[in-house]
Amino acid sequence: MSGAAVTCGRLVCGIVIEDRKNFGSRRLSVLPVYVMARSAEFRALVEEATGRPLMLESAELQGYLAPWHLDIRPRTPACLLRPEYETVPFRSRAELVELREWCAADEALSGRLVIGKGGQGKTRLARELAAELLSEGWTVGRLRTPEHAAACAAPGEAGSRDVAEAVARTTSKVLLVVDYAEKNVTAMRALINTLALDTPLSQVRVLMLARSDGEWWQKLQQEDKYQVLSHPPLELGPLAEADRAETYAEAVKCFAAALRSVEGYAHTDLDPLPLDAPSPDVLRDGHPLTLHNAALAAVLEAASVDGRTTGGKAPMDVILAHETRYWASMAESRGLGHEPPVTALTAALLVGAADRDEAERTLAALEDTGPSPAATADRRRLAATISDLYPSSGGQEYWGSLQPDSLAEHWLKKALTEELDGRALLSQVLPAVSDRQARRALGILGPLADETPLLEGPVRELIAEHAEWLARPAVQVALRSRTSRVLSEALREVRMESFTDARAVTALLEAIPQSTQMLAELALSAALRQVSDRRRSYSRHGSIRSLQRRTRLADLARAESEVAFRLFDAGRYCDGLAYADRAEKRLERLTRARATDEERSLYASVLRTRATLLNCVRRRGKALRVIDHAIAIHRKLADSSPDGQAELASALRNRAAYLHGLKRHPEALASIGSAIGIQEQFRDVLPDTRASLAKMLSIQGRCLTALSRSEEALEAFDRAVRLREDLAARFPDTYRTSFADILVARCGTLTHLDRYGPALRDLDRAAGIHGMLAFRNTDDRIEILQSLLRLQKNVRGRWPKGADRIGEHLSALTPDDRETEHRFGSALRRWTSPVCERPRVTCRWTCSARRPPRTAAPARRSAPAP
């Protein structure tokens with residue numbers, strides 16, 4: 001047996017060098033591959049035999065990592081563009097140096113996000129980093145799909161922690177590369193948090209690749225309990241202008257040499273090479289894949305296979321022309337006709353398929369005929385043909401995709417707008433596919449529709465017509481991408497009347513974040529529809545058993561509380577208060593006897609929402625009584641879980657804010673001190689510690705300022721600014737406004753200490769932030785004007801320069817658009833008058849329901865006029 005390979009799964013781990021006598025081949029001496037890899041001669045022999053460098057992969061992690069090199073030769077010229085073949089040598093980039101420094105840091109576990117357009121070089125950069133770390137003894141690899149990390153999301157089930165445990169037990173340093181990280185946020189969160197809990201034996205780096213850092217990234221960072229994702233995203237830009245022409249020339253030479261390895265191109269004549277400079281548009285773009293596309297297209301045109309050329313076409317169209325020839329030859333060899341199955345291939349590239357059954361269902365949606373045996377056999381043969389055309393690189397899906405992604409997107413745009421009836425194809429396929437397939441399709445169609453007017457109408461109509469099936473995946477796609485204008489507008493046009501299943505409404509609402517500007521209208525509509533459905537369900541089942549009736553009543557109250565919160569987020573405080581009142585009355589009746597902890601927690605949560613709304617309409621005394629009731633409930637539940645402690649801290653924080661508004665500053669200071677103590681005591685287990693702590697410190701600073709303890713207040717504000725500044729940089733849409741408010745508050749404290757220079761810097765910085773914001777409603781703008789005017793009033797006599805600067809900022813921030821003036825003109829004029837006393841108001845201006853006026857005393861009877 002000497003010289004035989006010893007394998008582990010698909011990997012060769014060593015070579016037998018001795019078969020010891022007297023053991024019947026039961027005891028072997030093996031030379032490990034990693035020892036042979038130290039020999040330059042051995043590496044050269046492997047590269048000569050395989051056509052690629054030797055790559056050491058982890059045997060323990062091979063079940064979770066995709067093969068580093070593809071096992072098949074490139075079948076079409078387009079395959080040469082794939083990063084796995086590394087056809088063109090990597091050109092050094094500054095981002096690689098930054099990633100090397102990140103890997104060399106002392107952190108035991110750290111995650112990093114690299115963002116950039118499709119084809120910008122993210123995967124190639126990650127592969128080059130992995131190759132360099134591999135030479136230093138690291139274990140490197142790419143997760144097959146983000147769903148592989150989902151095993152960590154269900155503790156207790158078989159194999160639930162396999163990925164994280166296998167990585168944590170690895171004694172060498174580990175680099176995990178996760179492509180398309182935005183497609184499975186739940187899995188990524190589970191992987192990161194489980195790795196943090198398992199305490200790896202050596203350093204672990206998780207490198208995530210995505211096209212953008214949308215709300216999915218903000219959500220992932222907010223739920224990062226262990227500060228693993230503390231580094232800002234690294235964005236890849238275009239190539240340096242001086243390197244673009246040289247990159248193109250190098251790519252032409254490499255593609256010309258590699259083209260002969262593609263079947264059907266072995267005897268092409270490429271002399272002389274097409275080394276003429278590309279078009280100015282290609283050089284101006286600076287996109288690496290754009291240069292490579294142009295280079296490959298030039299080589300293909302020079303090759304002139306079977307005498308056919310595609311002169312005058314764009315580079316991608318040239319490459320796709322050669323791809324369609326491959327489709328036609330494959331279809332003919334499988335007995336599917338002489339023409340390529342363009343419609344089926346377009347659907348397959350759009351939605352993909354996880355298994356054969358899903359693939360056949362997708363193809364069945366394209367047919368008008370019934371499920372005859374012949375049709376079933378044809379679909380099966382066509383599905384298998386597409387799978388052979390584009391196998392999945394990780395082996396986890398039945399249908400892969402045309403690579404690179406930008407080439408597949410170019411074909412889909414061309415097919416849906418020119419080759420086929422795109423509107424009919426989309427309406428046939430998307431309503432019939434799975435939720436995962438719909439997310440994939442909308443993730444492709446959203447950006448395509450943004451840049452293609454001919455696709456915008458069909459995509460919007462499709463979501464509106466099939467909202468019950470497509471609205472939820474459209475929400476998930478819109479949240480993970482910052483460039484989803486068409487999807488966002490389509491979701492605003494969704495009408496909840498088209499939903500027939502209450503479960504679809506609930507699923508849609510669960511997919512929308514608690515605080516969102518982009519989807520606020522849809523969230524409110526879905527919450528109102530949910531209340532309507534649950535109200536009908538509760539009234540329809542009045543005679544059912546007591547336990548079921550309690551459950552339905554709690555569900556109705558929870559839905560009404562959700563509406564109250566959504567109305568609060570929209571600035572409609574009185575409308576929200578009406579729903580909170582109804583929810584409170586239902587839960588008060590429910591919790592009078594035999595209430596569970598879950599019901600009591602829900603009741604306390606509703607009380608907190610109601611108190612917040614009461615405070616917003618200036619009924620602070622009532623708000624204080626309601627929040628005290630909620631705190632009493634939270635104290636009884638606080639010992640059961642860390643979540644109970646978090647809710648208690650939040651309730652104490654709200655109480656301090658209400659007391660501060662009532663000018664009961666000593667009591668407010670005691671309450672906020674208790675909240676901060678809880679927050680710091682449970683810092684390691686409570687979620688969103690930094691955000692909550694910054695808000696608490698801001699309230700503490702305001703209370704200390706009111707008590708003339710300015711030095712202590714400044715310390716609290718400084719700490720709050722440090723916490724909130726980091727959050728505002730990472731989550732600008734969520735925290736930038738509150739960060740500016742803290743700066744304004746600290747500015748007031750600095751003026752009390754006669755530190756006008758730092759105060760002026762805080763003021764200018766806050767006003768600059770406010771000037772960049774697009775406010776959801778006029779109330780947000782009025783809050784800002786209120787804080788600035790209050791500061792102006794306080795410093796007018798002591799700091800004239802500051803008062804004048806505030807006046808300049810007020811002029812810049814006061815809106816002058818016609819709609820705002822028409823709706824809120826009088827209110828804004830009261831806020832922005834030069835010398836302004838705060839007006840007494842009982843309700844915000846955006847409420848549609850106002851409190852009824854107090855009944856006036858009866859007028860004295862007087863004598864009639866003569």
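Me: How do I read the packing of helix H22 against helix H24, and at what angle do they pack?
Reply: Two packed helices are described by the angle between their axes and the distance between those axes. Here, H22 (residues 520-540) and H24 (residues 573-590) pack at about 35°, with axes 14 Å apart. Axes are lines fitted to C-alpha atoms over the stretch in contact, with angles from 0 to 180 degrees between N-to-C directions; helices are DSSP runs (H or I, at least four residues), numbered from the N terminus. This is a predicted model, where local features need pLDDT of at least 70, side-chain atom pairs pLDDT 80 or more, and totals for chains, interfaces and linings use all residues. Numbering starts at 1 along each chain, and side-chain values use heavy atoms, without hydrogens or water.

Me: Which residues make the contact?
Reply: H22 brings Leu 528, Val 531, Arg 535 and Tyr 538, while H24 brings Tyr 579, Arg 582, Arg 586 and Arg 589 (heavy atoms within 4.5 Å). That's four nonpolar, no polar and four charged, with Tyr counted as nonpolar and Arg as charged.

Me: What about empty space: what lines the largest cavity?
Reply: Rolling a water-sized probe over the atoms shows where empty space is left. A cavity is a set of points on a 1 Å grid over the protein atoms alone where a 1.4 Å probe fits but cannot get out; lining residues have an atom within 4 Å of a point. Trp 68, Thr 123, Ala 126, Arg 127, Arg 142 and Val 177 line the largest one. Helix H4 (residues 122-134) gives the largest share, three residues. By class, the lining has three nonpolar, one polar and two charged residues.

Terms used
Helices (H or I, at least four residues) and strands (E, at least two) are DSSP runs, numbered from the N terminus. On a 1 Å grid over the protein atoms alone, a cavity is a set of points where a 1.4 Å probe fits but cannot get out, and a pocket is an open set with protein on both sides within 12 Å along at least five of seven lines; lining residues have an atom within 4 Å of a point.
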